[in-house]
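These are my notes on charged pairs and on the contact between two chains. I kept to what could be looked up in the model.

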Amino acid sequence: VSGTILVADDEDDILGLLRVHLTRLGYEVVAAHDGEEAVRLAAEHRPMLAVLDVSMPKLDGLEVTRRLRAGDDGDMPVILLSALVQPADVERGLEAGANAYLRKPFTGEELRERIEELLAV
Amino acid sequence: MLRTVVRRKPRLVDVYLLVGAVAIGVYFAAPADSVVQTVYYSVVGVYGIAGLVLGAQRNLARGARFPWYLFAVGLIGFVVGDTIFDAYLIGNGTLPFPSAADWIYLAAYPVLFAAIALLVARYGRRRIHIALIDAGIVTFGFVLAQWVFVLAPTAQATGSLLDRSILVAYPAMDILIVAPLAGLIYSRAARSTSFVLLALAILTMLVADEVYYGHGVNYRWLDGFWLASYALWGAAALHPSVAALGADAEAPRPRLGTSRLLLLGLAGAAAPIVLAVQTGRGANAHPYAVAGFGIAITVLVLGRMALLLRAYDAARREAESSRAVLLEQNEQLRELDRLKDEFVGLVSHDLRTPLTSITGYVELLESEETGPLTDEQRSFLSIVARNADRLLRLVNDLLFVARLQTGRLDLALDEVDLAEVAEHAVAGAGPRAGAKGLDLQFAASGDTAVFGESGRLGQLLDNLVSNAVKFTPHGGSVSVSVKAENGAVVLEVADSGIGIPESERARLFERFFRASTAVSRQIPGTGLGLHIAQAIVDAHGGRITVSSVVGEGTTFRVELPPATVGAEVHA
């Protein structure tokens, strides 16, 4: 398996964690620290999948998802990864167009399963 | 069995009334119109006066005695009148008219009037408007009847002007008594026994008077009424409740009871009744009097209505303003609730973010892809992981409880095999049970499918099983069973743990409640687990119960509707 995955989170520690997991799975990782950067990197790198935090500065993960859906990569799989875990939060995420919603804290196993599910097709 | 019989000591007033009744009986037993009987009549009168004076002195403060002394003065007038009357009869058998007795009798009535009026002024001051109007209606009705049936015929009878004046004066005096009596009936003093005795005394006297005037005949039984009136008057003063007349500071709203309505209705109907009676017997209908009193009564009824409406309006305004206050408080509460939710959400989010890094990096280390771990390192890391997990569980529980408070639990329903969920929970608790040397058993039988949300049911099972493991000492046992029983799916989690005292079982499912047996052993916990468990069971239409013996163990029993029934309930 190979390809580029975009990850976005304002917490460096979590970006680092994602980077380790995804690199081990064999993906290239491009990392953004806020929503605007995520949108820019998506346009630049054309990733095969995005893992986005919801609460980020400038643009939140929901807005980034909406923009990705409206742009050239409208059908790119998006996983939202958030510490907002109420059912209403999950609903908002899926409504914004995300393919999956992963609650923090997450395990490497959960992340791998979601990605493989979404990329299997 | 020992039993104490409490005998009520007979009160003075009871004895007094009993003696009075016997005295009246003795009066009728005496030879009619004998000297003995005639003198005895006055003796009963003195008995009434004695009751009044004694009662006022025993029961009332110095300042409150005056009206009752006035009653005594009025009754003395009557007794003196009686005595003069009797003296004539005994002396020469003829009675001059008018005699000194008539003057004294007539002078006694205003004294009684003053006494009743004083009582009304003292005890009826509050709500006096409505009381006065009601008294006015009753009085006008009485006056009209008195005028047409008694006064007018008497005034037109033959005799000298003085004779006729005196004959008219008696019924007029009764009017004088009725007016303040009606006022007293409608004052707040009306509810004490003493008042009832007083009103009965006055009414008994009035009834006898009216029959006497109306028919001009002194029936023998009328004497019984007048004598009873004396005794009742004394008893009213002797009854202990005389001190409580109007003692309550706050007057209740006047109630429109049945008796009150009847009396008012009767008085209000006085005009048509008088008209009908007089027309029926072909007598003078006194149209001007009927019309005049009819109008007066109507005006009072209108005034009564206006007062009621005003009271009603005031009550409604009060209700509206308290409603507005309630609405505002409600709004504030809702705002507080919203702030609390926001706060809990924020705390949850901000605790989860660092927890994500902790558990994530521990997981990376434990995978040993960064290098092999020593046994000690691995054991330390598992301690970090376990505590991070505990912290996460706490955050989850708090968030869940906050959500429970704001609304019902929405479930994503599906057919779930409860046995499978239970088995999973038992497997999850295996390492902890093993570490404590517990014998952990699981058994399932029958169709154990329920209709519910597997995530929530898992949470329920985790809570119950981990509680059982937590509260069972080393070497004990925990057994989990799921079975179909009597049309329900029954889960039982039984342990041989520390137990829960009977007195605390009712509060066990309350938020943040912790059993004393858990607290005293310093077993950690938040008191949220069972609260959450009950909420989940409730949301699934089930029932959770507990049985326990301190020191021997606890069994939680959950009954859920089977999948077939559950599907219908939730459809």
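I counted salt bridges over all chains and got 24 for the structure. The model is a predicted one, so I treat every value as computed from it.

I started with chain A. R92(A) forms a salt bridge with D89(A), with 2.8 Å between the closest N and O atoms. I placed both residues in helix 4 of chain A (residues 87-96), three residues apart, about one turn of the helix. I then checked how accessible each partner is. R92(A) has a relative accessible area of 43%, so I list R92(A) as partly exposed. D89(A) has 12% and is therefore buried, the limit being under 20%.

Next I looked at chain B. R304(B) and D134(B) form a salt bridge, the closest N and O atoms being 2.4 Å apart. R304(B) is in helix 11 of chain B and D134(B) is in helix 5 (residues 128-155), so this pair ties together parts that are 170 residues apart in sequence. I noted both R304(B) and D134(B) as buried.

I also looked up E510(B) and R507(B), whose side chains meet in a salt bridge at 3.1 Å, N to O. E510(B) is partly exposed at 35% relative accessible area. R507(B), at 43%, also counts as partly exposed.

One group goes beyond a pair. I found K483(B), E485(B), E492(B), R543(B), R557(B) and E559(B) linked in a network of salt bridges.

Then I turned to the interface. How many salt bridges are there between chain A and chain B? I count one. R24(A) forms a salt bridge with E369(B), and their closest N and O atoms are 3.2 Å apart. I also count seven residue pairs in polar contact between the two chains, both residues at pLDDT 80 or more.

Which helices of chain A each supply at least two residues of the side that touches chain B? I found helix 1 (12-25) and helix 5 (108-120). Helix 1 gives the largest share, seven residues. I sorted that side of chain A into nine nonpolar, six polar and five charged residues.

For the whole interface, 20 residues of chain A are in contact with 18 of chain B. The area buried between the chains is about 1,600 Å², and carbon and sulfur atoms give 62% of that. In chain A, L17(A), R24(A) and P105(A) lose the most area to chain B, together 35% of what that side buries.

Last, I checked one residue on the chain B side. S357(B) sits in helix 11 (residues 287-366) of chain B. Its relative accessibility is 11%, so I list S357(B) as buried. Leaving aside neighbours within four places in sequence, S357(B) is in contact with D13(A) and I14(A).

Methods. Residues are numbered from 1 along each chain as its sequence is written. Chains are lettered from A and ligands numbered from 1 in the order in which they are written. This is a predicted model: local features need pLDDT of at least 70, side-chain atom pairs count only at pLDDT 80 or more; totals for chains, interfaces and linings use all residues. Side-chain values use heavy atoms; hydrogens and water are left out. Contact means heavy atoms within 4.5 Å. Buried area is the accessible area (1.4 Å probe) that two parts lose on being put together, summed over both. A salt bridge is a side-chain nitrogen of Lys or Arg within 4 Å of a carboxyl oxygen of Asp or Glu. A polar contact is a pair of N or O atoms within 3.5 Å; within protein, one must be able to donate a hydrogen and the other to accept it, and residues adjacent in sequence count only if both atoms are side-chain atoms. Helices (H or I, at least four residues) and strands (E, at least two) are DSSP runs, numbered from the N terminus. Ala, Val, Leu, Ile, Met, Phe, Trp, Tyr, Cys and Pro count as nonpolar, Asp, Glu, Lys and Arg as charged, and the others, Gly among them, as polar. Buried means under 20% relative accessible area, exposed over 50%, partly exposed in between (1.4 Å probe, protein chains only).
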